[in-house]
Amino acid sequence: MRGISYEKATQYISEIITLARHNQLSPLSIVVIDSGGHIKCSASEDGVGILRHEIAYSKAYACLGMTIDSKDLYQLNKRGVLSDVFINSISAASHGKFNINPGGALIYQNNNIMGAIGVSGGSADQDEKVIRAVLAAVK
């Protein structure tokens, strides 16, 4: 097994969808990748925009590639620590799989990175909130 298990990945996705429906968010796409950057599990709700899966994947991939959550990458860019040129260079090097908008997070187990998860469909803040709530609740 490389990183997160399929069982845990599907649990995260199920919990995110449940929370999103409870909060009446727009339809979401969720992508969980393992520690090697490969999709372990993904889901797109009915009615979600066709680019949302790729956006969710690129948020997760950015987290794993830089070993930092996407909200933190966003803040570093906003403060000028990571320049737009740097962000664009990494995006080009990763063939567009680098999205620093909030809604992507690393998944840890015993202080080891097991993978990452990306969510897209709501606002960036909504995507971020559902990830944080579910990561805190699911152990």
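The following exchange asks how some terms applied to this predicted model are justified.

Author: In this predicted model, local features need pLDDT of at least 70 and side-chain atom pairs count only at pLDDT 80 or more, while totals for chains, interfaces and linings use all residues. Residues are numbered from 1 along each chain as its sequence is written, and side-chain values use heavy atoms, with hydrogens and water left out.

Reader: Why is the aromatic pair of tyrosine 57 and tyrosine 61 called tilted?

Author: Rings of Phe, Tyr and Trp (its six-membered ring) pair if their centres lie within 6.5 Å, and planes under 30 degrees apart count as stacked, over 60 as edge-to-face and the rest as tilted. For tyrosine 57 and tyrosine 61 the values are 5.6 Å centre to centre and 45° between the planes, so the rings pair and the term is tilted. The structure holds one aromatic pair, and both of its tyrosines, 57 and 61, lie in helix H2, four residues apart, about one turn of the helix; helices (H or I, at least four residues) and strands (E, at least two) are DSSP runs, numbered from the N terminus.

Reader: What makes tyrosine 61 count as partly exposed?

Author: Buried means under 20% relative accessible area, exposed over 50%, and partly exposed in between, with a 1.4 Å probe and protein chains only. Tyrosine 61 has 25% relative accessibility and therefore counts as partly exposed, whereas tyrosine 57 is buried, with a relative accessible area of 11%.

Reader: How do you know that lysine 97 lies over the face of tyrosine 61?

Author: A charge sits over a ring if NZ of Lys or CZ of Arg is within 6 Å of the ring centre and within 35 degrees of the ring normal. Lysine 97 is placed at 4.4 Å from the ring centre of tyrosine 61 and lies over its face.

Reader: Why does the count of disulfides come to zero?

Author: A disulfide is a pair of cysteine sulfur atoms within 2.5 Å. The sulfur of cysteine 41 is 17 Å from the closest cysteine sulfur, in cysteine 63, and is therefore too far for a bond. Cysteine 41 is buried, with a relative accessible area of 12%, and cysteine 63 is buried as well, at 0%.

Reader: What puts the buried residues of helix H5 on the same side?

Author: In H5 (residues 124-137), Asp127, Glu128, Val130, Ile131, Val134 and Leu135 are buried. They cover an arc of only 165° around the axis, the arc being that of the directions from the helix axis to the C-beta atoms, which puts them on the same side of H5. On the other side, Asp125, Lys129, Ala136 and Ala137 are exposed.

Methods
Expected span 1.5 Å × (residues − 1).
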